[in-house]
Every structure is written in structure tokens, then in C-alpha cells.
Amino acid sequence: MKINKIIVRHLKMPMKHPFTTSFGTINDKSFLLLEVHTEEGIVGFGECVAFEAPWYTEETVKTCWHMLEDFLIPIILQKDISHPNDVTKLFESIRKNKMAKASIEGAVWDIYAIASNQPLAKVLGGTKEKIDVGISLGIQPTIEKQIEVVGKYIAEGYKRIKVKIKPGWDVEVIKKLRETFPDVPMMADANSAYTLKDIDILKQLDEFNLMMIEQPLAYDDIVDHATLQKQLQTPICLDESILSLEDARKAIELGSCGIINIKIGRVGGISEAIKIHDYCKSKGIPVWCGGMLEAGIGRAHNIALTSLSNFVLPGDTAGSSHYFEEDIIQPEVVVEDGTIREAQTVGIGYEPNRKAIEKYTVSSKTYNY
Ligand code: OSB
Ligand code: MG
């Protein structure tokens with residue numbers, strides 16, 4: 001196949017609830033949506049998960065658009081592509097910028113699945129028909145409110161609850177949550193808010209039977225995490241620190257984590273995500289699919305990826321209605337009893353909602369060969 005046209009749209013979707021982490025608050029979801037056309041007339045969609053500000057990784061909506069316009073789109077237009085893995089190879093000469101790369105690669109996987117007349121999950125080698133989902137909840141103004149919000153989503157059936165922690169909002173909050181919900185599968189995500197100097201605080205969290213503590217230390221660290229893991233009973237899950245299969249290998253060899261959160265955008269695409277999944281499986285390291293507050297296209301990619309067998313822990317792929325009044329896909333993603341059914345139709349399994357896409361688009365540009 002050859003790609004002959006790419007439409008890049010910048011969308012802004014108001015979020016139902018502001019999302020607060022140790023690094024700040026996100027009120028609106030601002031992101032790039034890619035519509036990729038082939039010569040044969042197949043259309044695939046990819047969602048770029050970079051945020052407006054470089055808090056989670058260094059990429060932003062603007063850096064991604066720059067990388068797409070000036071480097072990635074010129075590389076990909078009119079090249080012969082027989083498999084989405086070719087996209088990863090074509091982008092090898094460009095360093096990092098993983099979210100920008102992944103947005104094209106995701107659309108090419110969609111196209112590849114459509115051309116193969118199969119659901120994306122099947123094309124990726126997925127085996128599950130239904131996936132378990134958890135939910136990631138932002139920091140709330142008070143502990144009472146945090147307990148209320150957690151209770152609401154337990155009642156909705158989510159299979160595990162993730163709460164965000166930061167210095168000053170940790171042991172006491174987790175203790176209260178554990179007292180209120182003694183048996184609920186629960187975990188905490190620090191988004192790199194601690195250092196080894198905080199080891200006494202982090203060790204106190206061992207008391208609360210958490211499934212894991214996600215990314216307690218620096219976003220680019222695997223050495224201190226290994227030191228910490230030796231002193232913690234609770235498994236560490238790495239998120240920000242894992243950008244590639246090589247990172248996963250090194251972290252696992254060092255003993256920096258017991259679990260890995262895989263995000264397609266963070267690792268540069270689905271092909272790399274599958275490699276990390278397979279490697280972790282061979283090492284007995286469970287994985288789960290992380291989220292970037294995606295709209296429907298990114299969410300659909302995450303759901304398809306999660307059908308692979310070593311995604312044994314519930315992911316952060318909550319239902320569309322948790323995030324937005326209206327999603328940009330049809331049907332929207334629905335969670336029932338804490339599970340999502342894998343789509344059975346070809347491609348990503350959801351149709352773009354053209355009206356909603358138009359409504360939320362603030363600017364766009366078309367790139368032709
Ligand atoms: O650390 O997993 C994270 C959202 C934005 C940036 C980083 C993270 C998150 C989440 C939310 O935890 C996951 C989601 O619901 O999409
Ligand atoms: Mg995280």
C-alpha cells in the first residue's frame with residue numbers, strides 16, 4: 001500500500017471531570033487526530049496522545065505537529081508499505097518523538113486490519129473476547145471526596161481502582177481508602193513525584209495491600225527504582241521510564257519493577273508495544289494497558305492491544321462516558337460489569353463520528369503527495 005494523503009486535525013474536547021495528578025491538572029483534552037488515506041482508498045485513523053504541555057513526557061501537541069509536518073509525513077507519503085512494522089523502520093532515523101510516530105503507525109495498523117478484512121485485535125494476535133478494565137482517578141480536593149469518587153466507580157463495577165498520590169497526599173489517603181474499601185483491588189500512581197529520600201513514606205504503603213505502586217521515582221530512572229523495589233513488598237509498576245523494548249529488558253534485568261504499564265504512544269507504536277508485551281510474557285512480568293485520557297480512536301487501539309494474552313491486569317481504558325459528553329467514535333466504548341467486549345468488525349471496530357470530529361476540531365491541515 002501507499003499513503004497519498006494525511007489530514008491532521010487538532011481537536012479540543014471538554015472533559016467531564018478535571019484530572020489532577022502530581023504534575024498538574026488537565027481540564028480539556030487537546031490532541032491531534034490523524035486521518036490517513038491510501039491510494040486504494042482505504043482510510044485509517046490514529047490518535048496522537050501527547051498533551052498540550054510537556055508534563056508527562058517532553059512531547060506536546062505542537063511538537064508532534066511539527067514532527068509530523070516536517071519529518072514524519074514527508075518520510076511516509078508514497079512509500080511502499082506492506083506491513084505496519086515498516087512504518088517503525090521508516091521512522092528509525094528520527095530519534096524519540098514516540099507519540100508523533102505512534103499516531104501514524106496506529107492509523108497504518110487500522111488500514112492494515114481493514115485491508116486484511118479482520119478486527120484489529122485479531123491482526124495483533126489478540127485472543128481475548130472481553131477485557132477487564134480498571135479506572136484511574138485524579139486527586140480530589142478532600143479525602144472525603146476521594147472516598148466518595150472511589151466508591152462511585154467501585155459501584156459501577158470497575159475491576160480495580162487507581163488513585164493518584166503525591167507528597168502530602170499519600171499514606172493517610174490510602175489508609176482511609178483501605179479502611180473504607182478493605183477488599184477492592186487498588187493501586188497508587190505517583191507520576192514520578194518521589195525520590196529515594198522518601199523511602200520511609202513509600203515503605204509505609206506496603207501495609208495496604210496495593211496491587212502495585214506506579215512510577216514512584218523519576219520519569220527517566222530505572223536504577224533507583226531497583227533500589228526501592230528491593231526494600232518494598234508491593235510490586236513497582238513502571239510507566240514513564242519504559243519507552244522501548246530495550247528499556248523494558250534493562251528494567252527487568254535490574255529488578256526495577258514487577259509489572260509494566262504499556263502505553264502505545266509512549267513506546268512509539270503498537271509494534272513496539274507488542275514486542276514489550278511478548279518479552280514481558282517470556283519473563284513472567286504481567287502487563288496492563290495504560291491510558292492518556294484518549295478519545296475514541298486512541299481508546300479503540302488500546303482495547304485491541306489489550307486482547308493480547310499477557311495483558312493480565314485491568315487497564316486504564318474506562319468507558320467513553322467517563323471522560324466526555326460525546327466521543328468521536330460510534331458506538332462509544334461501553335463498560336459493563338467492569339469489562340469491555342472486543343469489537344468484531346474490521347479495523348479498529350468503531351466508526352469515526354464525523355459530526356463530533358467536526359464539532360471539536362479547532363484547526364486542520366491536509367498533506368498530499
Ligand atoms: O500516569 O497513567 C498515567 C493520565 C494522563 C497522564 C498520565 C497518566 C494518566 C492516567 C489516566 O492515569 C489514564 C486514563 O484514564 O486514560
Ligand atoms: Mg502512570
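A nonpolar core here means a set of buried Ala, Val, Leu, Ile, Met, Phe, Trp, Tyr and Cys residues joined through C-beta atoms within 7 Å. Keep in mind that this is a predicted model.

**Exercise 1. Find the largest nonpolar core and say what feeds it.**

Start with the count: the largest such core holds 115 residues. Next, look for the ones with the most contacts inside it, among them Leu 34, Cys 48 and Leu 124. Then ask which helix gives the most: that's α3 (residues 98-115), with 11 residues. Last, check the domains: domain 1 (3-117 + 351-368) and domain 2 (122-341) each supply at least three residues to this core.

**Exercise 2. List the contacts of Leu 124, skipping neighbours within four places in sequence.**

Two residues are in contact if their C-beta atoms lie within 7 Å. With the sequence neighbours set aside, Leu 124 touches Ile 270 and Ile 274, and also Ala 304, Leu 305 and Leu 308.

**Exercise 3. Work out which strands pair with β1.**

Take β2 to begin with. Strand β1 (residues 3-21) pairs antiparallel with β2 (residues 24-38) over 14 bridges, and the two make a hairpin with 2 residues between them. For a landmark, find Pro 14, which sits opposite Asp 28 in β2.

Now go to β15 (residues 361-368). It is antiparallel to β1 as well, joined by 7 bridges. Here the landmark is Val 8, opposite Lys 365 in β15.

**Exercise 4. Describe the shell around ligand 1 by residue class.**

First pick out the surrounding residues, including Tyr 56, Ser 136, Asp 189, Met 292 and Asp 316. Then sort the whole shell: 4 nonpolar, 4 polar and 3 charged residues.

How values were computed
Residues are numbered from 1 along each chain as its sequence is written. Chains are lettered from A and ligands numbered from 1 in the order in which they are written. This is a predicted model: local features need pLDDT of at least 70, side-chain atom pairs count only at pLDDT 80 or more; totals for chains, interfaces and linings use all residues. A residue is buried if 20 or more other C-beta atoms lie within 10 Å of its own, exposed if 12 or fewer, and partly exposed in between; C-beta atoms are placed from the backbone. Helices (H or I, at least four residues) and strands (E, at least two) are DSSP runs, numbered from the N terminus. Domain bounds come from an automatic or database domain assignment. Two strands pair if DSSP finds at least two bridges between them. A residue is near a molecule or strand if its C-beta atom, placed from the backbone, lies within 6 Å of it. Ala, Val, Leu, Ile, Met, Phe, Trp, Tyr, Cys and Pro count as nonpolar, Asp, Glu, Lys and Arg as charged, and the others, Gly among them, as polar.
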